[in-house]
Structure formats: C-alpha cells, structure tokens
Amino acid sequence: KENKRFDINDFTLHLIKSDLPPIFDAAYLDEIQDFSYAAIYLICNIAGKNSQNWICAGDTAQMISPGCSFKFDGLKQVMLAVVPGMERKLKNVAKLTVNYRVTKDVLVVANSVLKIAKQYFPSAIEYARPERAENDFGLKVVLCNWNGATRNRASFGTDQALIFSSDNPEKTLSEMKEWIGDHPFILSSLESKGLEFDDVIVAFDIERKAWEINSDRVASLRLLRELYVAITRARRRVVLLIKKQDPSMENFFKMLEYDFGDLVDATTILLEFDGKTTSEEWLERGHELFENEDFKVASSCFKSAGNFSFSNWAMGSNQLKIGQRNEARLSFRTSANFFFKEGDFKNTLILLKKVIDLPPWDSEDDHIYKEAKFQLPSFLTREETVQFALSRDQWDEISIDDIKCESIAKFLHSYRENEQLKSMIRACSNLSDLEHSLPLPVGDFFHSNTEYSQAVRLYLQGGDFKMAEKSTARAIGMVESNQRCDMLQNIVKFWEGHKEAKNFLPSSSISFLLLLLFRSPKDAAAAQQAQKCVSMLGCKVIKLAVSQKGLSKKVLYDFSSEAFKVEVTKALVEEYKGNPIGVLQWYVHRNNSSRATEVAKDVFMKCSNDELFKMMSLITSKETHISELLFKEVLNREKKTKKDLFINTVKIYLNSNSWNLELAFKASTETLRTKEKVAKNMTQVSKEWYSKRNDERIRDALSRKFRMKNPTNFLVSLNLLLNPEDPRNVTFSKRFIKQFGPKIVESLVLKSVSNPKHAFSILAKFDVSAFNHLQEKIREKEIRQKEILQEETFAVNDRVKVHNLLKRKDLNGKLGTIIQGKNKKSERYEVKLDGINKTWALKASNIVKDHSNMESSSDNSYEFNDSDSDSSSSSDAHGPPPLLPRRNDSDSESNSSGDIPPLNSQDSSVTSDDDDVSVTHGRSRRAQVVNSDSSDDSSMPDLVSHAKSSSDSDNGSNDSDSDSDSQRGFRRVQPKNSPRKQQPSRRKKKGGKKR
C-alpha cells in the first residue's frame, strides 16, 4: 500500500468489499485448483448466486500456481458462505476417470507419479481413482541421456514442446535455447498449464534431495506436481531427459510402476522430432493461441512467423494482462506503426484505440491516426472520434451536440476541471439539456455560482457525494434568510431521495445534522447537538423543520430556551388555556427558574385573588420555586390592598398536596405580625396549625426555629399551642401576654390541655394574677359537683342524663329512664335511653337526674358541662377538629376515687371500672361495648372574644364565651330556687351531623 503496488488478491478483496450484485446466471470454473478461495467467493457472488448454478472442475495434482492451497472441501465451505443452508444441494465430487488427451503409456507414468505423491503427501493431494486413457498409439515413454541429447542441435515443429523445471531457470532456459534455438515452445511447467502438444520433452534440473522423496520435503511435493503437469501435456509421446551422473534421479524413475527399458539413443529420437515448419504454420498457430488468450506464447509464434505486427500486438496484450501498462502502450504503438507501414489501416486504428485507453497520447502518432482515419472515414463511430479528440486534446473537434449526447458525454467526466469544457458549458443557452449527459460538470457550474441546491441535486445524480456534502455545507454557511431556508429545505429533499448518499455522510458532519433535523427534530435536539443546530443551522431553519413535522413549538425549547422563548411561551399559553399555572410548572420541571419568574409576572398580573389561591393549591410540594413566586405576589397584594390574604395561604400550604412548611411559617408570621392582626386572625391561624398537631415535620421544624433568640409572635403562639409545658414559654409568653393580653395565651393552652387544674398550673408559671379566675372557677366546679352527687338519688322511672363516660363518649348527654334499681353486686342501674332500643347498665357516677326544667338564676354561676355535644357542635362550626398534642399523665390527676372526674377530660390514659358500660336486651344479660373515639377532638376556641375587656367576656352572651367555658369544663346553671325553663333536648339527627 505504501509503495502503491497491488496484486490480484488486493483487487479481489476490494471487489468483495464493494458488495457487487449478481451479474451472471451461472459460473463455469476450470482449473479450479489454481483459484484462491477469495476469488471463488467473489465469482459465486456475482454469477449463479440465486440459482446456485455453479460448475467447477480441477485437479489438485496440478496445483502448482504460487499461493494456492486448494481442496474440494474448502470449495464447499466457500459456497456455504455465499448461500448458507445449501448443504443438500452440494453433491459429492464427481470423479472424471477417462482421459481423452493422453495415450495409455503416458497416463500410466502420470498415474504412477500421482500415486507416489499421494503416498508421501496424503493431505496435499485429494484422493482420486486412477484415470484410464482412450488413445493407444503404441508409443512408449522413454528415458534419454541429458548430455547426449543436448550435444547436437535439434529442430522442433509447431506441435512439439520442451517443458523444463529448474532450481536455476535462467541457466536452464539458456541451455535449452542453445540446443533447439529460439523456439516458441520452450516453456516452464507453470507456463505449459492449459496447453497440449503432440510430443513433449521433459527436462527437470532439480537438486538431488528433491528426487529423494521424503514427506518432510516441500521440494519433493513441488517436483511431483510439476512432473505430473509436464507429462500430461503430451497427446502422443513423452521423452524424459535424465542425467546419468545423478543416481537419485535414476532411482526415482525406477520407483515408477512403468517399464522404461534402457536409455534410448538421443539421435534416433531427435530424428523423429526434427521437422521443417513454414511461416504460415507458425502464423496459424499464433492466431490459435491468441484466440485462447495465451498471448505470450502466441507472440513467440508470430515472431517465428516473421510477423512483428501481431507479435507486438500479442506481447502488448500479455503486458497489459500482467499490469505493465506503459510497456503495453509502447507495444501497441509499435504494432500500429507496423500495420500502418503494411497499409493495414483497419488494424492501425484498432491498435490506436488501445493506445488512447493507455494515456498519455504521443503526438508522433497523430499523422498515422489522421491518415488511417482519412483512408477509412466511416470505420470509427462518433463516440470513438470524440475519444481520440479528447486524448489528443483537440477540443475544436468536439461540438455542443456531442456533449449533449449521453453516450459521448461519459468520456468527458474525467475532464471536469478542463477549461475548454467549462467554457462550452457556460456557452450553452439551456443547461437543462446538459444535466442528464454531464451532471457533474454542470453541478460544478452551479456550485461556482452559489446555486447550491441545484449543485447538490446534480452531484447526487452523478454520484459525487463528497461534492454534494461540500455544497450543502456552503449553503448552511450562508447568511440566514428566507431564501436560505428554502434552499436548505430543497437540499434535504434531494438527500432524502438517495439512500446510498445518506449512508455516505459521517454522523459528525453538519450536513448529517441538517438531515437529522428535518427527519426528526426531537432526535436532533436530544443528540447533544442542540446548540450546534442553533449556531450553525439557525433559528429559522429549526422552526421550519419543526413546522414541517407538525410538532408543537414546545420542541423548540430543547434547542434553546432563550432563542425561542417567545414561541415556546405562546405554545404553552395555547396548550394550558384556563390553567396559567401549567405554564410555570412546565418551566420549573425543566429547571428554568429564571424563565418561570419572567412568565409569572405576566400571569399574576392578570389573576384575581381567588385565581391566585387556586393556582397556589395546584402547586405540588416539589415545586418550591413557583410557591415562592406566589408567596411574593400575595405579600405584595396584601401590602397594597391591606387585606388579610395570608390566612388562606396558610391553609393551602399545610395541605398535603401543596405542602410547604417553610412558606406556611412565613405566611403565619405575616398574619400575626401586629397586635391588631393577632386579635383578628389568631383563632383561624391556630385552628389550622392545631389540626396538624401530630405531624412530626411541624414539631421538628418548630423545635429548630424556637431556638432563636427572639422568636416571632407566631412561633411563640405555636409553641404554646403544641408544646404548652415547654420551659422556654415562660420567658416569651410574658412578652406575649404583655403585648396581646392573657385571654389569647389562656385559650391556646386550654386548647392543648383539657384538664383545668393542669392548665392552670401551666398558666400560673406565666402570670398567676392574670389567671386567678381559673382557680376560682375550678373550686366552684368541684363544690357544685359534690353537692349534686350528695343531693341526687335514683329510683325506678326517674329521668336521668348520662355523663362522664370515657369510652362511650357518644352516650354522654343522652336522656333516659331508670327501669331497674341498683344492683347490689355490680352497683349499676339499668337505664333505657331515649331513641335507643337497648338498656344500659350504668354506675351512679355516670348518671344525674334530668334538670332540664331548672331555670338559670345567675349568668355568672358555673357547673360542669356534662355533654360533649357542645364541643361537637363547636367542632362543626369551625371545621374538622384538630388533633391533640402529646398528653402528660398529670392531665388525669383529678380523677380520684372520691371525686367525679372532670367532665371535659379527654385523657385516654385514665381507666377505671367507671368506664365500663354494659348493654342488656330484655333481660339483665350484659355485653361489653367497644369504645368509640369518633368525637374526641374539641373545637378551637374563638380567640377574638378573648381580646376584649373582662367585663365583655363575663357578661356577654355570645357563643364564643359559652364555647370557651365549655372547653374549660363549665356550663351555666340556674340557681336552685329560680323558675325552670323547658330546654330543648339535644339529639343527633339521623344521618346528619351533631347539632
């Protein structure tokens, strides 16, 4: 490769890689043993592949060509490689056992040589049955003394040959020429392959060791093969020359299974060989060999005939056959001159046509060309005349009509750079007439005039993919414009119409990227070459490609978010009609916060408050950037409108779908920033946070934030609500009480701590004087409870009310009638509750006489509220009840054996036999009733009322006061002596909520 020298195997491999299609219907291969497997593979692919019509003939014994190592089993493997699965069609090798060329005696000697070869080299020569001959002329194969034969000069005829083999072929050839002269048929064994003669003299001058046959000697195998080939060239007679002084040669011929007899006198044999020949005989023999393409031997025959015209012709053909082009051109020129001198103008022109195929043209041959053409004006076709004009560089002999003709224009493709041809193309008035005949030169014309789309079309038509790519790159490099877009669009169409051309483009080229863009814009953007598309192809081309494919303009974002922000945003607004937050989410999901911020300004400007809150509820917890944008917008609006917008914000951010704890903290802080806002918003804000009191995320965040030196009002209130016993509350709550009043602190603590005594113990640490009224109410409550227990006794048919059940809280407040007195063993009364078709076994501590007819004589007197229905009602009014915080064991300290447990105690850890409720049906059969926690949450107190003055709180009759009193375990009662008013019974509506 470095020296630019190639052999037949290089060309064979090149053709195999070209993947040529089948050309012929069948293949006939003779002398198959001299083919390489690569050559056989190539031939079987282009001939007879579809029908597997292959006929191969050969003899491995004659395999003497250099570089060949053939076996018929190898031939089968080659055929299977061409057509896999054709094992059934491969028949056994047919043995040709009848020889129609040689005589019986010649064949016996040849078979004997072959037998020795098989014996010593069984793997080199495949087995074949011995052949038999049809001809028998009674001529024996004889041995003749080498020195005696070559002593006297001999003369051979046209059907006699001397075949030699030697370790020094030049010396042996010179010796043989001195013996029989410059005879055409002094041939080496390799040159004689395929030829046949009447008589053959075999002269092998091989080293002695080769004659001593040994399986380890490759020279012995070569000797046997060449000897077999030389012997089988004779149709009648074979004479073997041996050297008497070489005993190894004599011993070899004795090994053969043939009776040679004594050495024959050379004089007698040579007389039989001696024959006179004429020039006509050699000329005829030369033409015969020329037709068989044995050019070298034919040249010698023509030379022996004295015909140097044909001799040089045959020699040139042989030189061309073996790749010697310059020598072949010289031989053809010499032959043409001989024919011209002889007046044979026809052969003169034939030889000159061979000369123009082997440029360059020699101007010395112009005169014989012109004269021969003048003598035979109609011998050359117009195509051949143009060929001669091109070879002789005579463009004035070529017309415009010539280059329009496709059969003539094919000779002009190699002249693309010729200025005369370019001038003729420019002079053509209608270039479309030349596009079919000269696509490449016309393509060059369009390329030079920046008409790149037309140039690409013609380059692809002419198969010049390299120039097509170059023109495409030039078009891409033009200034961005509508004309450029149209040009590139047409170029893509031309490329898409040529499958082979598309495969030519390397994936790294800009032309490949252009085709990929129009074929699949998404793939072009995803191929990590989006920036390359924008910078080199341009925005207009990208938009055109996306539009042609009917894709959404959102695809443009993958190429460049900045270059196509207008187009992408318009597409998103169109897609997310009625859902502007979808546009923001689309950008945020692609980590483009800056663009989301830009779009948010336009979107928020057009939204009402309700639409803003709706968008806020659609944001997931992961979309923090949008949440922050919305938060800023709400903050701006609140400052402008002076409206409390953050209350809804808190509720939204504490929702599980749009959870954002950090922004919920910020929103709550804004809601409680001033004293007025605390008084106005504390109830609603604390309600939202109390509903999430069991969420560990809130508690952990509160624990971290409360460590700061100066926590916000909201953090103080939230810590009072969720962690009332936190020692740090003492410091910050004093500030909070001073700033916002004790009522708010009281309501926050009472919400978390249901036990009044426990609540007072916590509040007393903040400021005892501010919460003394709680201690007085607790004392009044306990006294009144004892009075009620001492006064009341129960008898059959008494009307009673259920209270203080811990497990079955749903029965508290129910009215019923005692139908059986106290059981001495269980100490329970059997009670028939109103509206329930069951009887209940209740302890005395869980029922009180019905005082519904008692009238209230003083608004400022309190007693325990025995029913949970008030708290349930409050819960319904303020939304779902919030979850309870962690409970301390101290909450149940009032539940002693001598006292009635607090009516509002919700500590599930207090358990006693008093909690047991037995239900009976008809008889006194008892069953355990499962505890229900369906209404264990107390409602959030109205904190706004506590911000008012003490007199308003005590004397007022609003619901918030009664609810607050109910939460602390009290309810208003009338004095004993006051007239009673009929109170409506509180019952749960069927299928509805508690009233």
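Analyst: A residue counts as buried when its relative accessible area is under 20%, and that cut-off will be needed throughout this look at a predicted model.

User: Why is Trp313 called buried?

Analyst: Trp313 has a relative accessibility of 12%, and the cut-off for the term is under 20%, so Trp313 counts as buried.

User: What makes the pair of Trp313 and Phe339 edge-to-face?

Analyst: Rings pair when their centres lie within 6.5 Å, and planes over 60 degrees apart count as edge-to-face. The centres of the Trp313 and Phe339 rings are 5.9 Å apart and their planes stand at 90°, so both conditions are met and the pair is edge-to-face. Trp313 belongs to helix H13 (residues 308–321) and Phe339 to helix H14 (residues 325–342), so that this pair links distant parts of the chain, 26 residues apart. Phe339 is itself buried, with a relative accessibility of 1%, and one aromatic cluster holds both of these residues together with Phe290, Phe295, Phe302 and Phe310.

User: Is Ser309 buried or exposed, and how do you know that?

Analyst: Ser309 has a relative accessible area of 0%, which is why it is called buried. Ser309 also lies in helix H13, and, apart from its neighbours within four places in sequence, it is in contact with Ser335, Phe338, Phe339 and Glu342.

User: Why is the pair of Phe156 and Trp179 said to tie together parts of the chain?

Analyst: Phe156 sits in the loop between helix H5 (146–150) and strand S6 (160–166), whereas Trp179 sits in helix H6 (residues 169–180), so the pair joins parts that are 23 residues apart in sequence. The two ring centres are 6.1 Å apart with 70° between the planes, which makes this aromatic pair edge-to-face as well. Phe156, at 4% relative accessibility, counts as buried, and Trp179, with a relative accessible area of 1%, is buried too.

User: How do you know that Lys243 lies over the face of Trp146?

Analyst: For a lysine, the NZ atom must be within 6 Å of the ring centre and within 35 degrees of the ring normal. Lys243 is 4.8 Å from the ring centre of Trp146 and is found over its face; Arg693 likewise lies over the face of Tyr690, at 4.3 Å from the ring centre.

User: Which residues have the most contacts inside the largest nonpolar core?

Analyst: That core has 128 residues, and those with the most contacts inside it are Trp495, Leu537, Ile542, Phe559, Tyr587, Trp689 and Phe766. A second, separate core of 73 residues includes Leu187, Ala314, Tyr369 and Phe388. In soluble globular proteins, nonpolar side chains tend to be buried together.

User: How many disulfides does a search of the whole structure find?

Analyst: The search finds zero disulfides, the test being a pair of cysteine sulfur atoms within 2.5 Å. Among the cysteines, Cys144 is buried with a relative accessible area of 2%, and Cys533 counts as buried at 0% relative accessibility.

User: Where does pLDDT stay under 50?

Analyst: The chain has a mean pLDDT of 78, and 81% of its residues reach 70 or more, yet pLDDT stays under 50 over residues 853–915 and is also below 50 over residues 921–995. Where pLDDT is low, the predicted coordinates should not be read in detail.

Technical notes:
Residues numbered from 1 in each chain as written. Predicted model: local features only at pLDDT ≥ 70, side-chain atom pairs only at ≥ 80, totals over all residues. Heavy atoms only, no water. pLDDT = per-residue confidence, 0-100. Contact = heavy atoms within 4.5 Å. Phe/Tyr/Trp six-rings, centres within 6.5 Å; stacked < 30°, edge-to-face > 60°. Helix = DSSP H or I, 4+ residues; strand = E, 2+ residues; numbered from the N terminus. Buried < 20%, exposed > 50% of the residue type's maximum accessible area, 1.4 Å probe, protein only. Core = buried A, V, L, I, M, F, W, Y, C linked by side-chain atoms within 4.5 Å.
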